[in-house]
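This report goes through selected local features of one protein chain. Please keep the sequence and the coordinates at hand while reading.

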Amino acid sequence: MTVTTLDLCADPGLLSVEAARATVAALVAGPVGVEALPFAELRGRVTAEPTMSPTPLPPFDHSAMDGYALADLGLRHVLRGRLAAGSAGARETLKPGEAVRIFTGAPMPPGAIAVVMQERVTREGDVVALRAAVEPGANIRRRGEDVSVGDLLVPAGALIDARHLAILAASGVERVAVRRKVVIGLLSTGDELIEHGRALTPGRIHDANRPMLLGILSTPAHEVIDYGIAPDDPAELTRLLIEAGRRCDALVTSGATSVGEEDHLAAAVAAAGGQLGLAKVALKPGKPIVAGRVGGAALVGLPGNPFAALVGQMLIGRVVLERLAGLEPRPLAPLSAVAAFGQKGPGGRTEFAPAALVGTDPSGLPRVEKLGRGGSARLAPLIAADGLAVIPAGHDEVKPGDAIGFLPFRAALEV
């Protein structure tokens with residue numbers, strides 16, 4: 001019997017990375033549902049609706065400085081009291097020629113038209129003499145000058161971080177409508193894999209992909225269901241896919257995406273009643289990425305080699321999760337950089353390689369040094385890397401000083 005195997009590396013029908021991202025995004029009909037959460041549980045969740053301010057910020061006129069609140073702009077004033085932050089404020093209106101000792105954050109007394117900084121006065125007993133003229137309204141923070149009642153505090157589709165928490169807390173917001181957690185199934189495939197913590201036996205390797213992907217996917221906006229390691233058994237893989245399709249919004253698998261005789265993912269998806277809509281991306285490493293749907297879950301099938309799986313999730317898989325969470329998928333926008341290395345070009349595929357920042361060129365662009373000897377199964381270069389060098393497709397050769405891109409890990413690994 002003659003067996004013919006498709007050479008994926010030579011196949012001209014590869015999707016560009018951007019086209020693959022758009023194809024994957026189209027697999028998601030819309031974001032998951034909505035729930036209202038108390039303030040203490042909001043960090044890391046995605047807003048489902050705009051949140052408007054119920055109160056002005058600041059809520060009252062107050063002093064922006066330690067100094068003296070003045071009833072007029074004259075040069076001499078008699079002190080008539082003292083106001084500190086947290087006080088209820090003065091009841092009596094200041095008269096011309098009068099002043100109040102005031103501290104930052106304290107309510108402005110009635111009749112005050114300016115605050116003079118304490119460093120710009122001379123005080124003798126209860127008399128304050130200005131050393132320089134003061135403008136009307138100086139050093140006063142006005143009620144609502146930052147936010148008015150009904151102003152937008154946080155838009156829909158925002159991943160809530162410390163900035164949002166600050167303005168929501170200042171405004172007294174108690175509950176916010178957010179997207180419910182995206183339920184993600186995680187599955188590794190392959191008879192060669194064993195769980196971390198178990199002793200290696202001949203021909204077996206520890207599964208690195210699930211711990212790595214769990215590190216990316218375990219966020220406040222996600223609930224991850226770990227389906228473990230599926231053997232190279234089409235029936236068992238089909239069973240797991242059917243279960244995940246019933247329980248999950250998304251399923252992320254690694255391994256079995258190529259065309260070998262032990263790569264059963266495509267057949268198992270079909271047996272589970274699902275469909276695959278993407279394969280073969282013009283990407284190095286990680287070309288054999290597949291995506292589709294199984295039951296109610298969007299499926300992303302990543303390569304089995306760890307670095308290829310990492311790159312595939314960073315570039316392709318994250319688009320599914322962003323869409324499900326109600327986030328606008330962030331564009332793939334590498335920083336401009338220059339190569340501090342030379343190599344043969346990636347040909348028709350865009351290459352992503354572990355890289356370190358090694359200074360700047362004369363124009364101020366970062367210089368990027370590629371680390372390691374390459375290879376989709378290598379992990380050690382990632383430890384010393386600051387991010388990924390992005391080498392555009394279509395180059396026969398890369399020389400030191402050539403324009404390339406750079407994706408910092410801190411931004412690229414966020415979901």
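The notes below cover a helix pair, charged contacts, one strand residue and some backbone features.

The model is predicted, and every value here is computed from it.

**Helix pair**

Two packed helices are described by the angle between their axes and the distance between the axes. Helix α3 covers residues 209–217 and helix α6 covers residues 306–324. Their axes come within 11 Å and cross at roughly 35°. The crossing of α3 with α6 is right-handed. On the α3 side, the residues in contact are Asn 209, Met 212, Leu 213, Ile 216 and Leu 217. They meet Pro 306, Ala 309, Leu 310, Gln 313 and Leu 321 of α6. Sorted by class, this contact holds eight nonpolar residues, two polar residues and no charged ones.

**Charged groups and rings**

Side chains of opposite charge can pair when their charged atoms come close. The model has 15 salt bridges. One of them joins Arg 142 and Asp 61, with 3.1 Å between the closest N and O atoms. This pair links distant parts of the chain, the two residues being 81 residues apart. Arg 142 sits in the loop between β10 (140–141) and β11 (152–154), whereas Asp 61 sits in the loop between β2 (51–52) and β3 (62–63).

Another arginine, Arg 101, lies over the face of Tyr 68, at 5.0 Å from the ring centre. The number of aromatic pairs in the structure is zero.

**A residue in strand β12**

Ala 177 belongs to strand β12, residues 175–179. Which residues does Ala 177 contact, leaving aside its neighbours within four places in sequence? They are Val 34, Glu 35, Ala 36, Thr 47, Ala 48 and Glu 49. For Thr 47, 130 residues apart from Ala 177 along the chain, the C-alpha atoms of the two residues are separated by 6.0 Å.

**Backbone features**

The table lists two cis peptide bonds that precede proline.

| Peptide bond | Omega | Place of the proline |
|---|---|---|
| Leu 57 to Pro 58 | near -10° | Pro 58: loop between β2 and β3 |
| Lys 284 to Pro 285 | about 0° | Pro 285: loop between β19 (283–284) and β20 (290–294) |

The loop between β2 and β3 thus appears twice in this report, as the place of Pro 58 and as that of Asp 61.

Asn 139 is a residue other than glycine with a positive phi, near 60°. Asn 139 is in the loop between β9 (127–130) and β10.

Technical notes
Residues are numbered from 1 along each chain as its sequence is written. This is a predicted model: local features need pLDDT of at least 70, side-chain atom pairs count only at pLDDT 80 or more; totals for chains, interfaces and linings use all residues. Side-chain values use heavy atoms; hydrogens and water are left out. Rings of Phe, Tyr and Trp (its six-membered ring) pair if their centres lie within 6.5 Å; planes under 30 degrees apart count as stacked, over 60 as edge-to-face and the rest as tilted. A charge sits over a ring if NZ of Lys or CZ of Arg is within 6 Å of the ring centre and within 35 degrees of the ring normal. Axes are lines fitted to C-alpha atoms, for helices over the stretch in contact, and angles run from 0 to 180 degrees between N-to-C directions. Helices (H or I, at least four residues) and strands (E, at least two) are DSSP runs, numbered from the N terminus. A crossing is left-handed if the near helix is turned anticlockwise from the far one by less than a right angle, and right-handed if clockwise. Contact means heavy atoms within 4.5 Å. Ala, Val, Leu, Ile, Met, Phe, Trp, Tyr, Cys and Pro count as nonpolar, Asp, Glu, Lys and Arg as charged, and the others, Gly among them, as polar. A salt bridge is a side-chain nitrogen of Lys or Arg within 4 Å of a carboxyl oxygen of Asp or Glu.
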